[in-house]
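Trainee: Please take me through the interior of this model, with a close look at how its core is packed. I would like the cut-offs along the way.

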Amino acid sequence: MKIFKLMVVALVAMLGFTACDNDPEHIYDDHSADIAGTWSCFTENYAEVLIINADGTAVSYGVEDGEYWENVRGTVTVKENNITMIFEDDDNFTGHFDIIPGQAFSLFENTGERYVYNYCANDLADEIVGMWVCTQLPIGKEGDMLIHTFQEDGTLILTGRIPDIDDYVVVGESNYKVFGDLYIVHGKGEGKAFKFNVASNASDLGDMMTITGFTSTENGLVKETSSWLRIKQSLDLPNKSYDYNNIYVTNVKAKDAEFEFAGQTLNLANMDGRILDKMMKTLLFNVSFPSADKIVYNYHYNGENVPMPSPIVVDGNKMTIKKSVSNPACKDINVWTFQDKDNTQMHMYMPVSSFETFLANTVVEMMANEGKLDLNDAAAVKAIFDQVEAAIETINVSFIFKTAK
């Protein structure tokens, strides 16, 4: 009896192994549940966010060759390692796919084209809202300043150099939307996508954001990544004092003309950040705010500290320095001013008209203090402003200050 039982067991085992060996079908994992979630694809000509629900319904947002779409609905079906996507705009896909659950999946077209979609674990729409200053610009653009303000209503306000148009703007506006870890600047059916990430308290100065995009150059599209620091949208000025730290000067086009400034001869045609940086440090230049409506320039000249107080009017991050009130011979200056969250830094950005006025005002007041200019001589004062304005065609200046010690 025992022998008979052993023979039955052996026969069952043999039949079992034979059945496995003759099975022609490959065993695939079921990824129908793994595909649910938010996924983003980002390339130089194509960017898409797919939101796939557990029931297979999906919605697509994205940009292809500058053409923008949103809220395109469809279905996604997974069988073994094949995927079928059908959308209401008839932009469909059927083919092979591979997936690493919770990380990424790839689509393969018959042409061999491969698209990689990364999993977006968090919705970053709320994280991006606020004002950001670029602290690490792409190579070849050192010194250029750019401020992005992402507002809750979907408005993006830009100040500084805009790479795609290779120009500077002050308070330019666009529309944006966030999908997964992409934001798309859009208008009239056109759009441009950027990939971003926000890290809370990633530096001593606060939150940092990295933005990756593709910029048009003479050599084609170039992938660039920049770093951004979250800054305050409303200024905290009373009883704050800042010492000059650094300066960025860009986009300089000026005539070959010389004039005296702070005991030195300036030639604006050759002016760069190094010249002004040396001058500002020699003067021990700083700014202070005794109150929310008053600024005091301070500089050390001929062995003396020279304060130059002026009332100010603040509208958001736009500060109008009312020099005409404190000194009728001078003109008012509009500067765009930004602070980090702990008030350890202040940035003052001046486009060409603001810098021309700042420079001419400073020359006028210095010459008056030295007894070289009668402030009541309107023609002489006007000649200084005309000289500065005629000498400078374009310039953009950012002053960086740090909390006074």
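Mentor: Let's start from the outside: the chain has an accessible surface of about 21300 Å², 50% of it on carbon and sulfur atoms (Shrake-Rupley method, 1.4 Å probe; for residues, only the protein chains shown count as cover). This is a predicted model, where local features need pLDDT of at least 70 and side-chain atom pairs pLDDT 80 or more, while totals for chains, interfaces and linings use all residues. Numbering runs from 1 along each chain as its sequence is written, and side-chain values use heavy atoms, without hydrogens or water.

Of the 405 residues, 45% are buried (under 20% relative accessible area; exposed is over 50%, partly exposed in between; 1.4 Å probe, protein chains only). Now to the largest nonpolar core, which has 50 residues (buried Ala, Val, Leu, Ile, Met, Phe, Trp, Tyr and Cys joined through side-chain atoms within 4.5 Å). Among the members touching the most others are Phe 289, Ile 295 and Met 319. Helix α5, residues 352-369, is its top contributor, with 7 residues (helices are DSSP runs of H or I, at least four residues, numbered from the N terminus).

Beyond four places in sequence, Met 319 has contacts (heavy atoms within 4.5 Å) that include Leu 235, Phe 289, Ile 333 and Met 348. A second, separate core of 20 residues includes Tyr 46 and Met 85.

Back in helix α5 you will find Asn 361, which is buried at 2% relative accessible area. Leaving out residues up to four places away, Asn 361 touches Lys 323, Cys 330, Lys 331, Ile 333 and Phe 385.

Key
Helices (H or I, at least four residues) and strands (E, at least two) are DSSP runs, numbered from the N terminus.
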